[in-house]
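Student: Could you take me through one part of this structure slowly? I'd like to see how a single piece sits among its neighbours.

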Amino acid sequence: MNILQINASARREGANSTRVANSIAARLRSAHPDASLTLRDFAVSPHPVLDETALGALFTPAEKRTPDQTARVALDDVLIAEVQAADAIVLGVPMYNFGVPTQLKNWIDAIARNGVTFRYTDKGPEGLLKGKTVYVGLARGGRYRGTEADSQVPYLKAVLGFLGMTDVRFIYAEGLNMGPESARQGFAQAEADLATALALNPMRWNSLTSEGAERR
Ligand SMILES: Cc1cc2nc3c(=O)[nH]c(=O)nc-3n(C[C@H](O)[C@H](O)[C@H](O)COP(=O)(O)O)c2cc1C
């Protein structure tokens with residue numbers, strides 16, 4: 001049982017999305033005390049952007065890469081290995097300017113690799129990161145749940161689903177910049193959403209491990 005926690009806030013300290021992600025991970029670990037937790041905090045260790053240099057490295061055959069290109073691809077390889085090994089993935093995601101933060105986009109750009117985490121078949125694309133549950137802890141200054149202004153949820157459903165991660169559960173902490181009472185309600189709503197998300201299949205991992213079933 002492996003949990004991967006991704007903190008995507010730009011802030012190392014005091015990040016609301018990290019607070020929600022920590023809460024999710026803590027609940028998962030208390031339900032599964034033997035679970036391992038891998039923590040990746042992109043405010044502490046930023047991942048490089050997918051720029052022309054990175055694309056050049058990725059599209060150069062491995063045996064022809066320069067040492068710099070090999071090193072650049074290896075940075076993405078680490079993130080791919082982490083997500084492949086994870087059974088549960090916890091994302092702490094602030095809303096920045098109506099979208100996902102650059103930090104999260106850089107992670108997505110790193111893990112989306114043709115032939116490794118998805119592939120194209122004659123029937124269309126196939127995601128290869130299967131059998132995982134993703135918990136997304138959202139932190140927002142305003143309130144956008146269920147509105148057209150919420151580009152984050154459809155985007156994350158689409159891109160994670162494309163990679164094979166179709167079991168995605170959203171936990172909303174909203175209205176965090178609308179005064180103390182609104183913030184309190186926002187975090188309370190996140191706790192309620194988390195309880196709902198965890199109740200969807202509380203025995204799923206247990207039954208799989210106890211029956212020795214194939215890794216999902
Ligand atoms: C650069 C920036 C852009 C923001 N854009 C939005 C926004 O578009 N909508 C919103 O509701 N809140 C927005 N906020 C507020 C954040 O979503 C809110 O403060 C959230 O708690 C930040 O999460 P964090 O503490 O994990 O970084 C923005 C905050 C910053 C710093």
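Tutor: Here is a close look at helix α4, followed by the loops and helices around it. Keep in mind that this is a predicted model, so everything below is computed from predicted atoms.

Let's start by finding the helix. α4 covers residues 102-111. Is it mostly tucked away or out in the open? Of its 10 residues, 7 are buried, so α4 is largely enclosed by the rest of the structure. If you want to click through them, the buried ones are Leu104, Asn106, Trp107, Ile108, Asp109, Ala110 and Ile111. And what do they pack against? Their neighbours are β1, α3, β3 and α5, so let's take the two helices on that list one at a time, beginning with α5.

Helix α5 is residues 152-162, and it packs with α4 at an angle of about 20°, the two axes being 11 Å apart. Angles under 35 degrees count as roughly parallel, and α4 and α5 are therefore roughly parallel to each other. Their crossing is left-handed. Now zoom in on the contact itself. On the α4 side you'll find Leu104, Lys105, Trp107 and Ile108, and they meet Tyr155, Leu156, Val159 and Leu160 of α5. Sorted by class, that contact has 7 nonpolar residues, no polar ones and 1 charged. There's a handy bit of background for reading lists like this: an α-helix has 3.6 residues a turn, so residues three or four places apart point the same way. Try holding that idea in mind as you rotate the view.

Next comes α3, which spans residues 67-85. Its axis comes within 8 Å of the α4 axis, and the two cross at roughly 85°. That makes α3 roughly perpendicular to α4. The residues that touch here are Asp76, Leu79, Ile80 and Val83 from α3, together with Trp107, Ala110 and Ile111 from α4. By class, this contact contains 6 nonpolar residues, no polar ones and 1 charged. Did you spot Trp107 again? It is listed in the contact with α5 and also in the contact with α3, and it is one of the buried residues of α4.

Now step back along the chain into the loop between β3 and α4. Asn97 lies in this loop, and its phi is positive, about 50°, although it is not a glycine. At 79% relative accessibility, Asn97 counts as exposed. Phe98 is found in the loop between β3 and α4 too. Phe98 has a positive phi of about 70°, and it isn't a glycine either. With 43% relative accessibility, Phe98 counts as partly exposed.

Phe98 has an aromatic partner as well. Which residue is it? Phe98 pairs with Tyr144 in an edge-to-face arrangement, 5.3 Å centre to centre with 65° between the planes. Phe98 sits in the loop between β3 (88-94) and α4, while Tyr144 sits in the loop between β6 (133-139) and α5, so the pair ties together parts that are 46 residues apart in sequence. Tyr144 counts as partly exposed, at 22% relative accessibility. So α4 and α5 meet through their own residues, and the loops between β3 and α4 and between β6 and α5 are linked by this aromatic pair.

While you're in the loop between β6 and α5, have a look at Glu148, which lies there as well. Glu148 is exposed, with a relative accessible area of 83%. Its C-alpha atom is separated by 16 Å from that of Tyr96, 52 residues away along the chain.

For a change of scene, compare a residue from another loop. Ala15 is placed between β1 (2-7) and α1 (16-31), and Ala15 is buried, with a relative accessible area of 7%. The C-alpha atoms of Ala15 and Val93 are separated by 9.8 Å, even though the two residues are 78 apart along the chain.

To pull the picture together, α4 is largely enclosed, with 7 of its 10 residues buried. It runs roughly parallel to α5 and roughly perpendicular to α3, and the loop between β3 and α4 holds Phe98, the partner of Tyr144 in an edge-to-face pair.

Conventions
Residues are numbered from 1 along each chain as its sequence is written. This is a predicted model: local features need pLDDT of at least 70, side-chain atom pairs count only at pLDDT 80 or more; totals for chains, interfaces and linings use all residues. Side-chain values use heavy atoms; hydrogens and water are left out. Axes are lines fitted to C-alpha atoms, for helices over the stretch in contact, and angles run from 0 to 180 degrees between N-to-C directions. Helices (H or I, at least four residues) and strands (E, at least two) are DSSP runs, numbered from the N terminus. Angles under 35 degrees count as roughly parallel, over 145 as roughly antiparallel, 65 to 115 as roughly perpendicular and the rest as oblique. A crossing is left-handed if the near helix is turned anticlockwise from the far one by less than a right angle, and right-handed if clockwise. Contact means heavy atoms within 4.5 Å. Ala, Val, Leu, Ile, Met, Phe, Trp, Tyr, Cys and Pro count as nonpolar, Asp, Glu, Lys and Arg as charged, and the others, Gly among them, as polar. Rings of Phe, Tyr and Trp (its six-membered ring) pair if their centres lie within 6.5 Å; planes under 30 degrees apart count as stacked, over 60 as edge-to-face and the rest as tilted. Buried means under 20% relative accessible area, exposed over 50%, partly exposed in between (1.4 Å probe, protein chains only).
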